[in-house]
Amino acid sequence: MNTPTTPWRAPLLWRAAQLLARAIVSLLGRLEVTGDVPDELRHGPLILAANHISPFDPVVLAAACQARRIAPRIMATGGLFRASVVGPLMRRAGHIRVDRGTSSVHQALDNAAAAVAGGSVVLVYPEGRIGLDPGLWPERGKTGAARLAFASGAPVVPVAQWGSHEVLPYRTPKGMLRGLARAMLRRPVIRVRFGAPVTLRDVPDGTPGAARRATERIIDAITDNLVPLRPDEPDRPRHVDPGRPTDTSRSHRRPLAR
């Protein structure tokens, strides 16, 4: 018999940090949040799958989630957890460490699955890195988000964002102060859109290629929700970061120009 567990509740520290994130985003830009998450999913179990275009993304997504009354646990790079000040705060807030490129990286998926099973909302970046597509369209994803969905049975809601790349440069902290000053003067529009849950019921777990097919469906959904956020930038972004490298080896499908 399963033992009942108490649903995870976001610590006050994390909720305060989300309010701070909204203040920071309001100082540096103009946040526009569209779409929503169904009420029955708002407090979990749920997986949020977002595109990754800038080091400023976690702040933007924390603010957007606060606007929709969601307090997600973020799967974040292990480097943040090793930092002397940020690390303890990340742990106390309940976020999930991902040590990419190490033998223990699988532990992050186990921890995330346990978090979702406990009733949490977990935010993941299916691309596994800040995207290097020349047009800043979502790249072909890693299979971690799909495997998390299979392991937990939780629904996946795609989250598309646009504009955070105009705040912090790719090589932050190099150029960070200049980027922040530029953003404060220009206050770019930063858009976030929560899409409809992705249907994965017809992709049976355990069948050959299931994780890859589910991953492509998740990335497709993020891409589809990104299209209306950048209607006048269908191919390349207006703002070009000269310090961002490009890599087309993981290119995913791009929407047709309109």
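**Exercise 1.** How far is D247 exposed, in terms of relative accessible area?

*Solution.* The model is predicted: local features need pLDDT of at least 70, side-chain atom pairs count only at pLDDT 80 or more, and totals for chains, interfaces and linings use all residues. Residues are numbered from 1 along each chain as its sequence is written, and side-chain values use heavy atoms, with hydrogens and water left out.

Step 1. Take the classes: buried is under 20% relative accessible area, exposed is over 50%, and partly exposed is in between, with a 1.4 Å probe and protein chains only.

Step 2. D247 has a relative accessible area of 22%, so D247 is partly exposed.

Step 3. The side chain of D247 meets that of R129 in a salt bridge, at 3.0 Å from N to O. The criterion is a side-chain nitrogen of Lys or Arg within 4 Å of a carboxyl oxygen of Asp or Glu. D247 belongs to the segment after α8 and R129 to the loop between β5 and α6 (144-152), so the bridge ties together parts 118 residues apart in sequence. R129 is partly exposed too, at 24%.

**Exercise 2.** Place two further salt bridges in the chain and classify their residues.

*Solution.* Step 1. The whole structure holds 10 salt bridges.

Step 2. One of them joins R68 and D36 at 3.8 Å, N to O. R68 is in the loop between α2 and β3, D36 in the loop between β1 and β2, and they are 32 residues apart. R68 is buried at 18%, whereas D36 is partly exposed at 36%. D36, D39, R42 and R68 are linked in a network of salt bridges.

Step 3. Another joins R217 and D202 at 2.6 Å, N to O. R217 lies in helix α8 and D202 in the loop between β7 and α8, 15 residues apart. R217 is partly exposed at 32%; D202 is exposed at 51%.

**Exercise 3.** In what order do the strands of the open sheet run, and how does β5 pair?

*Solution.* Step 1. Strands (E, at least two residues) and helices (H or I, at least four residues) are DSSP runs, numbered from the N terminus. Two strands pair if DSSP finds at least two bridges between them.

Step 2. The seven strands follow the order β1-β7-β6-β2-β5-β3-β4, with mixed pairing. β1 (30-35) and β4 (96-98) are the edge strands, each pairing on one side only.

Step 3. β5 runs parallel to β2 (residues 46-50), joined by four bridges; L46 is the bridge partner of V121. β5 and β3 (residues 73-77) pair in the parallel sense over two bridges. R73 partners V122, and I74 partners L123.

Step 4. In a regular strand the side chains alternate between the two faces of the sheet. In β5 (residues 121-124), V121 and L123 point one way, V122 and V124 the other, and all are buried.

**Exercise 4.** Which strands does helix α2 lie across, and which of its residues are buried?

*Solution.* Step 1. α2 (residues 57-67) lies across β1, β2, β5, β6 (156-162) and β7 (189-194), at about 60° to β7. Axes are lines fitted to C-alpha atoms, for helices over the stretch in contact, and angles run from 0 to 180 degrees between N-to-C directions.

Step 2. The buried residues of α2 are D57, V60, L61, A62, A63, A64 and C65.

Step 3. These buried residues pack against α1 (12-28), β1, β2, β5, β6 and β7, where contact means heavy atoms within 4.5 Å.
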